[in-house]
Amino acid sequence: MKICLFNHPICIISLANKIFMLEQTLNKNLYDHPKYYDWAICSFRDVKKEVDFIRECINRFSRIEVKNVIELACGPAPNAEKFTASDFQYHGIDISPAMIDYCIQKYASLKDKVHLIRGNMLDFKVDNLIGKADLVLIMCGSFFPKNQKDIIKNLDSVALHLRKGGLYILDSCIVKDYGESEPVEYSLEVNNTPLFVRLKLNIIDQKEHLIEYILNVQAMEKDKILCFKSSDTFMEITFQDLDNIIRTHPQFELCGFFNDFSVDDPFDKKREFTRPLTIMRRI
Ligand SMILES: C[S@@+](CC[C@H](N)C(=O)[O-])C[C@H]1O[C@@H](n2cnc3c(N)ncnc32)[C@H](O)[C@@H]1O
């Protein structure tokens, strides 16, 4: 039991800190150190399940053939390779220059199929993709509008790039109820580096439903504990908020809300959900 506990990355990190007085760095911006974000958050993602679901959505709901896929706030683009295996051209857009540089290196061998672009998901214009994208995605709740106007600006930008009949899919971008949640903590080891991860949501403005999503990552590297933090402030969106916005937007129609990467598991406001997927189509 002791050995098991000691081997646990969180214990290794805290014990090593006490026994060896390891130097602990001040919090650095996690998004400026994409390798650690990738290891801590993406290394265990079931990207096959995600891409299989997306392909099933295309089969059922898309009215066009898919060639060009845009992922907004792509981060380290963990599923880009799976998309290229389906013969799609992948275009990742992210606001962080460090994330873009990291992905360019990560996908150097796929540079004809994986394209990385720096841009703001709330208001973007990529000249060579206007009217040419066949599918647009946001994965893992990476949608950061501050208010309803931002959501509409995002839909307008997506509509400018997406061909009629193409899908816009949002993964985990809605909540059941507004408010704070318990922190989530876990530890793992990637490439012999023990990592400890903490995710927390704090309310910033209750009336405006503004929330801060804080991600702390500690990595034990040789004689140092590296500490990273990211913080994203955004408006929480409920099922009803998004339903109303899509129904009143002139360039989109709602295909449905689905739970946990299953097109056979639709939900409405009466039902609980674990991982909500929103699917809309460009009209
Ligand atoms: C939590 S990470 C998620 C990355 C990725 N979606 C995933 O599934 O792993 C959030 C990403 O959003 C990016 N980001 C934050 N605000 C953005 C914005 N306004 N426009 C584009 N990207 C943004 C950050 O740089 C970061 O790479």
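Is His-209 buried, partly exposed or exposed? It counts as partly exposed, because 18 C-beta neighbours sit inside 10 Å, a count that falls short of the 20 needed for a buried residue. The views below come from a predicted model, and His-209 comes back in the third of them, in the loop between S9 and S10.

**View 1. Two domains and the place where they touch.** The protein splits into domain 1 (2-32 + 181-235) and domain 2 (47-175 + 237-282). Measure from centre to centre over C-alpha atoms and you get 28 Å. At the contact, domain 1 puts in 7 residues and domain 2 puts in 8 residues. On the domain 1 side, strand S11 (residues 224-235) supplies the largest share, with 3 residues. Sorted by class, that side of domain 1 has 4 nonpolar and 3 charged residues, with no polar ones.

**View 2. Strands S8 and S9, joined by a short turn.** Start with S8 (residues 181-190): of its 10 residues, the number buried is 0, so this strand lies largely in the open. S8 pairs with S9 in the antiparallel sense, over 8 bridges. To find your place, look for Val-190, whose bridge partner in S9 is Thr-193. The two strands make a hairpin with 2 residues between them, and Asn-191 in that turn has a positive phi of about 50°.

**View 3. S9 carries on into S10, and His-209 sits in the turn.** Strand S9 (residues 193-205) and strand S10 (residues 210-221) also pair in the antiparallel sense, here over 10 bridges. Phe-196 is a handy landmark, with Gln-218 as its bridge partner in S10. This hairpin has 4 residues between its strands. Now look at the backbone of His-209: its phi is positive, about 60°, although the residue is not a glycine. That deserves a second look, because most residues other than glycine have a negative phi.

**View 4. S10 to S11, with Lys-222 at the turn.** S10 and S11 run antiparallel and are joined by 12 bridges. One pair to pick out is Ala-219 with its bridge partner in S11, Leu-226. There are 2 residues between the strands of this hairpin. Lys-222 lies in the loop between them, and here again is a residue that is not a glycine but has a positive phi, about 45°. Lys-222 is exposed, because just 7 other C-beta atoms lie within 10 Å, and a residue counts as exposed at 12 or fewer.

**View 5. Helix H6, with a buried side and an exposed side.** In H6 (residues 97-106), the residues Met-99, Tyr-102 and Cys-103 are buried. They sit on the same side of the helix because they cover an arc of only 95° around its axis. The spacing helps here: an α-helix has 3.6 residues a turn, so residues three or four places apart point the same way. What do the buried residues of H6 pack against? Their packing partners are helix H3 (34-42), strand S4 (89-94) and strand S5 (114-118). Over on the other side of H6, Pro-97 and Gln-105 are exposed.

**View 6. The shell around the ligand.** Here you are looking at the 19 residues around the ligand, of which Ala-73, Gly-75, Ser-96, Cys-140 and Ser-142 come nearest. By class, the shell has 13 nonpolar, 4 polar and 2 charged residues.

**View 7. Leu-137 in strand S6.** Leu-137 is found in S6 (residues 133-138). With 24 C-beta neighbours inside 10 Å, Leu-137 counts as buried. Leaving out residues up to four places away in sequence, Leu-137 touches Val-69, Glu-71 and Ile-169. If you also have Pro-76 in the frame, note that Leu-137 and Pro-76 are 61 residues apart in sequence and 14 Å apart in space, C-alpha to C-alpha.

**View 8. Ser-43 in the loop after H3.** Ser-43 lies in the loop between H3 and helix H4 (47-61). With 14 other C-beta atoms within 10 Å, Ser-43 is partly exposed. Not counting residues up to four places away in sequence, Ser-43 touches Asp-38 and Val-190. Val-190 is the residue from View 2 that has Thr-193 as its bridge partner. Leu-210 is another matter: Ser-43 and Leu-210 are 29 Å apart in space, C-alpha to C-alpha, and 167 residues apart in sequence.

Notes
Residues are numbered from 1 along each chain as its sequence is written. This is a predicted model: local features need pLDDT of at least 70, side-chain atom pairs count only at pLDDT 80 or more; totals for chains, interfaces and linings use all residues. Domain bounds come from an automatic or database domain assignment. Two residues are in contact if their C-beta atoms, placed from the backbone, lie within 7 Å. Ala, Val, Leu, Ile, Met, Phe, Trp, Tyr, Cys and Pro count as nonpolar, Asp, Glu, Lys and Arg as charged, and the others, Gly among them, as polar. The arc is that of the directions from the helix axis to the C-beta atoms. A residue is near a molecule or strand if its C-beta atom, placed from the backbone, lies within 6 Å of it. Two strands pair if DSSP finds at least two bridges between them.
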